[in-house]
Amino acid sequence: MKLAYFPGCKIDFYLKDYGISFKSIMKKLSVELVELPFNCCGYPARNTDYEVCMFSSLRNLALARKYKLDIITPCMCCYGQLQYASLQWKQLGRQIENSAKKQTSELKQKFNDLLAQENLFWDGKTEIKHLLTFLYNDIGILNLKKKIKNRLPEKKVVTQYGCHALRPFTVTGFDNPHAPQIFEELINITGLKSVEWSKNTECCGNPILENSKTLSLKILNSKLDAAIKAKADYICTACTHCQMQYNELSFQKECKKHNITPTLFTQILDNAL
Amino acid sequence: MIDKQNITCDIVIIGAGFAGMAAAARASQLGLKTVMAGNSSQLYFASGLFDLLGVYPLVPGTILKTVETGLNLLKEQSPGHPYSKASIKEILQSFDFITHFLQTAGLSYAPSNGKNTSVLTSAGTFKPSFLIPETIKKCNLLRKSRNLLIMDFKGLKGFNAKQMAAMIENRHDTVDILRIELFQHSHVLSPMHLAAMFESSNFLKKIAKKILPFADKTDLMGMPAVCGINNSFEILTKLEKITGIKIFEIPMMPPSIPGLRLKNAFEKQLAKNRVQFLSQAKIKSQEFNNDGFILNAVNQNMETRIKTQGIILASGRFQGGGLHAKRGKVIETIFNLPVYQPENRNLWHNINFFEKQGHMINGAGIETDNVFRPVDRNNSIIHKNLYAAGTILAHNDWIRLKSGSGVSALSAYTAVNDFYANSIKTGA
Amino acid sequence: MFYPALYASLLFAAAGFLFQIYRFNRTNKLWQKQKGFKFNFAPAFFNTLFQTKLFKASKTRWIIHSLVLSGFIYLLFFHALADLISVKIFAYYQPTVDPFQFLRNVTGFMVAMGCFGFLLKKFFNVRSTRNIRGKYQNLFSILLIFSLIFSGFMLEAVKIISEPLFMEMVEDYAGVDEDSGLDDLKIYWEKNYSVVFQNSLISSYQSLEEALEEGKILNEEYCLDCHSNISSAFVSKALAGYLKKTAQFLNSSRADNLLYHIHYLLSFLMLICLPFSRLFHILLIPFANLKPKSDIQDFQKQKMGFHPVTLDACTGCMLCSQVCSVYPNFVVTQNIEVLPHAKIRSTRKMMLGRHLDLKELSSLQLSNKECTTCNNCTNICPSGIDLQALWITLSKTLDNMDLKTTPAHGNIPFKKEYDIIPGSESFDNCVQCTICTNVCPVIEYSSKSENDMTPQQIMNLLRLGKKQMAAQTQMVQNCLTCYSCQESCPGEIKVTDIIIELRQAVTEC
């Protein structure tokens with residue numbers, strides 16, 4: 001299997017481990033990753049400019065399409081944004097088919113022109129996969145279970161789904177948005193034991209870390225209380241931004257006191273494979 | 001240009017309200033491959049209390065005590081009512097099933113013994129209900145209570161202890177009020193966030209400290225229904241242990257926390273039973289033949305083609321979108337099933353809102369056979385595996401009868417059971 | 001004239017160097033400095049000499065750069081500093097002897113070609129990024145190098161054809177005069193060394209072959225030790241061919257002397273300009289490469305630091321902008337300030353104390369906020385500048401400067417007339433059931449000063465038509481965009497999307 005690897009902006013500097021372990025897993029599953037000159041997924045620009053955010057995504061999607069590859073990303077925000085853009089694009093298309101709404105057709109034309117400057121074109125056929133859905137659906141959880149070589153000790157793990165992949169379901173189609181399951185199931189096949197806690201679908205606070213740090217950290221620290229209550233050993237993430245938030249130094253210190261380790265799913269799986 | 005996917009399954013449940021959830025619960029428990037389509041957020045408006053039959057005969061101001069007597073009378077007087085299609089045993093069975101199912105998800109309901117309980121509401125009034133969560137159960141101690149304490153929170157809308165005390169103080173020797181101010185909280189105190197705070201043991205201790213001064217002079221305490229979201233009964237018991245006072249929750253206006261607990265419990269358990277949930281999907285088109293149905297479920301992103309053997313239509317009434325009122329008549333939105341309804345629009349409503357007879361439109365809905373399969377005007381079924389459940393059923397004035405949950409549970413339970421029995425018979 | 005000029009320019013260059021360092025360090029207090037001294041010697045050495053990073057980034061540019069670099073190194077050490085180096089190493093060294101004559105031409109040609117390549121590359125870069133402001137930035141340095149090389153070639157060509165020079169040399173070194181075969185030698189040199197004489201002997205001489213034979217013997221005796229055949233000086237020879245027509249004038253006016261002065265004065269000019277032009281990168285690239293790049297530990301401990309002087313290691317190659325993650329932003333908005341090379345320019349301006357006005361500063365701040373700190377530019381930068389550290393410290397510095405871009409009170413103009421259209425698909429369905437507020441983490445954890453409104457109130461404001469008021473609430477800025485509200489809304493209102501739209505409507509770009 002061959003996929004275009006979309007690491008997202010943050011992995012290279014902030015979370016090298018995620019990239020390394022991700023690649024290692026894919027190697028063990030004999031998935032070939034192709035690195036294309038992708039740019040920002042467009043998610044940060046969503047707060048400032050609709051056109052910029054759309055074009056950033058479209059350029060990535062068109063680039064992958066040029067090589068006839070589907071995109072896989074370890075980051076939930078990138079996943080959500082690319083899904084969002086691809087859906088928006090299709091809706092732009094639909095509106096044109098239905099009624100000649102001038103503004104939207106102009107917008108679509110503008111994106112097409114800009115893509116054409118780089119000899120790109122997007123027909124809407126790039127599929128976007130997140131690490132978790134890829135493992136669960138494409139590799140298959142039963143298949144993956146067979147490939148586990150070292151069963152890990154039965155430690156307790158709580159999971160943190162990322163918001164942007166989970167919601168809105170109508171855009172991302174990730175998993176049941178109210179009671180997601182796939183992360184827990186993936187954890188369980190490694191031998192670790194996923195336990196319930198109240199925060200698995202709640203935001204980590206990272207999006208407002210820069211603008212209102214205290215509020216962001218309050219949200220983060222509430223996770224620790226919940227994790228202690230669930231008697232967890234690990235808080236497991238599968239999103240670059242969530243893990244970056246958990247890597248916040250003050251939080252790390254608190255975690256150490258309670259013997260809780262925020263950890264990346266890829267590192268867990270890499271050890272088990 | 002939309003993404004497409006194909007799903008094959010045994011049964012599709014259209015609608016994610018109480019009836020839909022109940023049907024999915026039963027279907028998944030029977031091992032059927034189940035798909036649900038709908039918006040579960042409607043469940044936020046559920047009270048979390050299960051009514052079977054609160055009032056019968058319809059005399060204002062009365063409360064039905066023993067359910068069985070009311071049911072017998074109802075069956076006699078209105079043979080079209082969904083309850084008339086089943087025995088009392090079957091009705092109670094369906095509730096048993098639901099409570100068991102919720103028990104496995106960690107939400108416990110108090111056994112009913114066939115009697116309605118009067119539940120104190122946040123308005124200070126009493127409302128009959130058949131099955132109530134364990135956290136509310138102790139409200140039946142109110143009659144014996146001499147010294148009552150009511151706790152409320154500053155900033156929590158729709159719950160005022162002072163107002164409640166004024167309503168019920170003549171029933172007790174003393175009614176004390178404890179108002180708690182949470183300083184870190186600012187403009188609004190929303191019930192869900194308050195309930196989330198109760199999950200922390202530190203917060204619980206702080207609350208207990210405030211209650212303790214009253215420990216000697218009261219024998220029962222009522223508090224708004226915000227005592228935790230998950231494991232609410234555990235938290236309540238813990239609070240009782242620290243303070244030494246018996247405590248019960250008082251349900252509030254929607255969105256209420258008991259409703260949220262119900263929603264969470266259903267969703268969690270159904271996900272574990274691998275029910276596939278197409279959130280916010282709408283059925284855009286359908287076709288069927290003898291073998292089964294093909295549905296097109298559409299949400300923003302995905303067009304899902306579902307091939308299925310059976311369908312439970314639990315799409316609700318007007319608010320849920322199952323029924324739609326056109327200028328001249330009411331129609332069913334998905335299958336365009338015949339809808340039982342008053343002959344013309346003028347008869348829909350009475351002039352007086354609080355008319356004794358109720359409004360005719362509330363009896364409108366889908367007419368079915370005994371296992372809740374919709375029938376046409378000649379009383380023959382539309383399709384052997386198409387069922388309707390919940391409030392969409394005709395002759396079911398559930399708001400006045402206080403029978404919403406009961407009808408939903410019964411119809412969903414019976415319909416799924418019948419479908420299951422049929423499919424075993426045909427060997428599918 | 002040579003030595004005074006040399007000393008003066010050396011003095012100038014040194015002073016200029018010190019001045020530049022001082023200028024950058026003056027602004028240093030604005031920039032957090034990295035603690036501790038660590039050096040990366042090996043990568044610095046390889047990257048400086050062999051441009052390993054550039055090789056990875058762009059092969060054509062590497063070839064161009066290597067042409068200039070290697071050519072120039074040779075010329076500097078074995079030609080300009082010949083008295084100090086070549087003479088000492090090679091006993092037989094003479095500038096007009098092969099292989100030195102040949103090598104000088106080859107390397108000179110390489111440098112000239114490299115300069116030409118740079119110009120071409122620059123032309124295309126400017127076209128692709130429509131970078132009008134940066135158009136003339138490197139032109140000076142490139143043209144300076146080119147004219148230096150060109151003057152050298154000209155000097156050599158003029159010397160080749162020069163009769164007076166020939167006569168001087170004959171007088172000094174060859175024991176021949178009119179009687180003992182001077183004419184033979186002249187004929188030989190006119191034919192083989194392209195000297196142009198006032199009275200050409202070749203056309204009028206009768207026994208030409210005899211004379212050439214004689215001349216060859218004389219040449220071997222007196223000249224060949226110091227003068228290889230000029231065919232190895234292929235560039236100058238070709239140039240000399242073109243100059244033949246004007247040779248009489250050039251010879252009589254002693255153009256060789258003039259060009260000689262021009263040539264060394266140009267070198268001195270280069271020396272003086274070294275600290276003040278893009279040429280400064282020659283000295284700073286080793287320095288920038290020595291410094292280890294800041295990493296995630298530095299970031300977490302808030303010890304990101306940037307040494308301002310390394311900014312001058314930037315050669316303006318624009319590779320950073322080509323790999324920049326927010327390049328599509330530039331494509332859509334045509335706002336060049338979001339691209340790293342433009343930000344470097346603005347930052348440099350700011351550091352050098354040339355005051356940017358408030359508008360420029362806030363534009364820099366906003367553009368820098370677009371940066372996703374993806375590290376792409378740092379990875380590719382052939383000069384080894386720690387750009388990642390620059391963006392992070394820059395954003396901190398600008399934040400500390402307290403540039404109020406938006407008025408605290410009063411109405412912010414909407415960027416565009418956004419169609420937050422009321423309608424069945426928008427906020428009109430809202431029944432104020434408060435579920436969105438109930439599930440909102442911001443409401444759950446914020447205190448009074450941190451947040452002012454709830455999502456449900458925002459929807460209500462919109463229903464009342466108070467777009468302005470809704471857009472300026474803290475709630476809109478605090479929104480985590482976690483989509484909890486949107487997913488839970490019984491009316492299926494796109495609460496989060498509407499809030500995001502409100503954000504877009506007021507953020508100025």
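**Chain contacts and helix α8 of chain C**

Q: How many salt bridges are there between chain B and chain C?
A: The count between chain B and chain C is one salt bridge, the term meaning a side-chain nitrogen of Lys or Arg within 4 Å of a carboxyl oxygen of Asp or Glu. This is a predicted model, in which local features need pLDDT of at least 70 and side-chain atom pairs count only at pLDDT 80 or more, while totals for chains, interfaces and linings use all residues. Residues are numbered from 1 along each chain as its sequence is written, chains are lettered from A and ligands numbered from 1 in the order in which they are written, and side-chain values use heavy atoms, with hydrogens and water left out.

Q: Which side chains meet in that salt bridge?
A: Lys282(B) and Glu492(C) do, with an N to O distance of 2.8 Å.

Q: And how many residue pairs are in polar contact between chain B and chain C?
A: Ten residue pairs, both residues at pLDDT 80 or more. A polar contact is a pair of N or O atoms within 3.5 Å; within protein, one must be able to donate a hydrogen and the other to accept it, and residues adjacent in sequence count only if both atoms are side-chain atoms.

Q: Which helix gives the largest share of the side of chain B that touches chain C?
A: Helix α6 (residues 191-198) of chain B, with four residues. Helices here are DSSP runs of H or I with at least four residues, numbered from the N terminus. By class, that side of chain B has seven nonpolar, twelve polar and one charged residues. Nonpolar covers Ala, Val, Leu, Ile, Met, Phe, Trp, Tyr, Cys and Pro, charged covers Asp, Glu, Lys and Arg, and the others, Gly among them, are polar.

Q: What area do chain B and chain C bury between them?
A: About 1,800 Å², 52% of it on carbon and sulfur atoms; buried area is the accessible area (1.4 Å probe) that two parts lose on being put together, summed over both. In contact (heavy atoms within 4.5 Å) are 20 residues of chain B and 22 residues of chain C.

Q: Turning to chain A, what does chain C bury with it?
A: About 4,100 Å², with 55% on carbon and sulfur atoms. The contact takes 50 residues from chain C and 47 residues from chain A.

Q: Which residues form the salt bridge there?
A: Glu450(C) pairs with Lys218(A), the closest N and O atoms being 2.9 Å apart. The largest share of the side of chain C that touches chain A, five residues, comes from α17(C).

Q: Where does Thr473(C) lie?
A: Thr473(C) is in the loop between α25 (467-471) and α26 (474-478) of chain C. The side chain of Thr473(C) reaches the backbone oxygen of Ala470(C) at 2.8 Å.

Q: Why does Thr473(C) count as buried?
A: Because its relative accessibility is 4%; buried means under 20% relative accessible area and exposed over 50%, with partly exposed in between (1.4 Å probe, protein chains only).

Q: Which residues of helix α8 of chain C are buried?
A: In α8 (residues 163-173) of chain C they are Glu163(C), Leu165(C), Phe166(C) and Val170(C). They cover an arc of only 160° around the axis, so they lie on the same side of α8(C); the arc is that of the directions from the helix axis to the C-beta atoms. On the other side of α8(C), Glu171(C) and Asp172(C) are exposed.

Q: What caps the N-terminal end of α8(C)?
A: Ser162(C) does, with a side-chain oxygen 3.2 Å from the backbone nitrogen of Leu165(C).

Notes: Helix = DSSP H or I, 4+ residues; strand = E, 2+ residues; numbered from the N terminus.
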